Amino acid sequence: MNPTLKSTHTKIQEWYKTKGRTDLPWRSTSDPYHIYLSEVMLQQTQVKTVLERYYFPFLEAFPTMHSLGSAALDDVLKQWEGLGYYNRAKNLHKTAGLIEEIPDSIDRLMALPGIGKNTAHAIAAFAFGQPVPVMEANVKRILCRLHRLRTPDEKRLWKIAYSMVDKENPFDYNQAMMDIGATLCLPKDPKCNRCPLENICKGKNNPEYYPLKKKKTVPVREENIVIYLDDDRLSLQQRSGKFLHGLWGFESVEIPPCAAEYIGEVSHAYTHFKLKCRVYLYFESSPEQEYYFTPEKIGKLAISKVDEKIVNLYLDTIVK
DNA sequence: TAGTCGTGGGG
DNA sequence: TCCCCAAGACT
């Protein structure tokens, strides 16, 4: 092996022992289900959020693949409430109903819904000790800087990742790479002087050039929300489209009924658009609306953050 | 391949 | 207040 690579592996391993986040609970288990769950929860989601609010409660509710697979989807979504990207919960539930054991090959892992190339590699490395690299956001940024790549090409990045992985200890290597990315090789103000990869990093003099950041303008979407009232109960429906699928929410209409009373506006920022909701109260039930719940009962349903804001606006309104 | 899919942390 | 962005997958 390239002596430089060998030396780099040693530096990474030594760094990991003292500076790595070795206490994360999904790093001290060998249960593939636990590791699988953590990998899915961590997709596009910060470690802190998963660690402090979701990982343990979810495992308490669904301790095994079997218990997850035989649960009601609504209960799984309720556990997932607030974590976002709800298709992840649907896919977990679906998978748990289909298989009894997590497969150990990358191909079979990628065949499961909700598992792409990176998650398959992560499970292979972390649950089954296979000598393969992971290549998520942190590692991607590191590799771009190491090789001064402004516009990362997935194929090239995977090739680099494979050429660099420590096959002697892929578990610690991959965890270390993610930790280096998350704690040192930061998007802004990276801590190069503390980085075990500094001596081989071609981009260390101007790390913020790599990778190139592309900014997008987010459109504003405006909606009229109507809450139909049946005494103290509010109309809700279970969402059926791709967006927030399976969660309960209020109805969006083109034109609010004339008799509806405007009670205020609620805003919410998504990744690719901003939503502004003008909220109306209609003091009668509607034949179009099948389901009505008291605010207390709504608390037991899985609802999204916008709809939670709308409930709060309603509660503020009726108090005044 | 560029858009779509959530939410919260942190600057 | 606004912005970037986080253990990405899917179409």
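## Close-up views of a predicted protein–DNA model

Of the atoms of DNA strand C that lie within 4 Å of the protein, 62% are part of sugar or phosphate, while the rest belong to bases. The model shown in these views is predicted.

**View 1. Residues of the protein around DNA strand C.** There are 27 residues around DNA strand C, and those that come nearest are Trp26, Leu42, Gly114, Thr119 and Asn138. Trp26 also reaches a base, for a polar atom in the side chain of Trp26 lies 2.5 Å from a base nitrogen of DNA strand C. The phosphates of this strand are approached by backbone and by side chain: a polar backbone atom of Gly116 is 2.9 Å from a phosphate oxygen of DNA strand C, and an N or O atom in the side chain of Arg141 is 2.9 Å from a phosphate oxygen of DNA strand C.

**View 2. Residues of the protein around DNA strand B.** Here 19 residues surround DNA strand B, with Gly82, Tyr86, Leu244, Ala269 and Thr271 coming nearest. Of the atoms of DNA strand B that come within 4 Å of the protein, sugar and phosphate account for 64%. Sorted by class, the surface near DNA strand B comprises nine polar, seven nonpolar and three charged residues.

**View 3. Polar contacts to DNA strand B.** Thr271 uses its side chain, in which an N or O atom is 2.7 Å from a base nitrogen of DNA strand B. Gln44 uses its backbone instead, with an N or O atom placed 3.0 Å from a base nitrogen of DNA strand B. At the phosphates, a backbone N or O atom of Lys305 is found 3.0 Å from a phosphate oxygen of DNA strand B.

**View 4. The boundary between the two assigned domains of chain A.** The domain assignment places residues 3–209 in domain 1 and residues 220–319 in domain 2, and the centres of these domains, taken over C-alpha atoms, are separated by 36 Å. Contact between them involves seven residues of domain 1 and eleven residues of domain 2. About 740 Å² is buried between domain 1 and domain 2, and carbon and sulfur atoms carry 54% of this area. On the side of domain 1, the residues that lose the most area to domain 2 are Lys78, Glu81 and Tyr86, which together make up 52% of what that side buries. Tyr86 is thus present in two views, as it is also listed among the residues that come nearest to DNA strand B.

**View 5. Aromatic rings and the charges that sit over them.** The structure contains 14 aromatic pairs, and ring pairs join Trp26, Tyr55 and Phe56 into a cluster. Two arginines are placed over rings: the charged end of Arg221 sits over the ring of Phe273, at 3.8 Å from its centre, and Arg278 lies over the face of Tyr262, 4.2 Å from the ring centre.

Methods. Residues are numbered from 1 along each chain as its sequence is written. Chains are lettered from A and ligands numbered from 1 in the order in which they are written. This is a predicted model: local features need pLDDT of at least 70, side-chain atom pairs count only at pLDDT 80 or more; totals for chains, interfaces and linings use all residues. Side-chain values use heavy atoms; hydrogens and water are left out. A residue is near a molecule or strand if one of its heavy atoms lies within 4 Å of it. A polar contact is a pair of N or O atoms within 3.5 Å; within protein, one must be able to donate a hydrogen and the other to accept it, and residues adjacent in sequence count only if both atoms are side-chain atoms. Ala, Val, Leu, Ile, Met, Phe, Trp, Tyr, Cys and Pro count as nonpolar, Asp, Glu, Lys and Arg as charged, and the others, Gly among them, as polar. Rings of Phe, Tyr and Trp (its six-membered ring) pair if their centres lie within 6.5 Å; planes under 30 degrees apart count as stacked, over 60 as edge-to-face and the rest as tilted. A charge sits over a ring if NZ of Lys or CZ of Arg is within 6 Å of the ring centre and within 35 degrees of the ring normal. Domain bounds come from an automatic or database domain assignment. Contact means heavy atoms within 4.5 Å. Buried area is the accessible area (1.4 Å probe) that two parts lose on being put together, summed over both.
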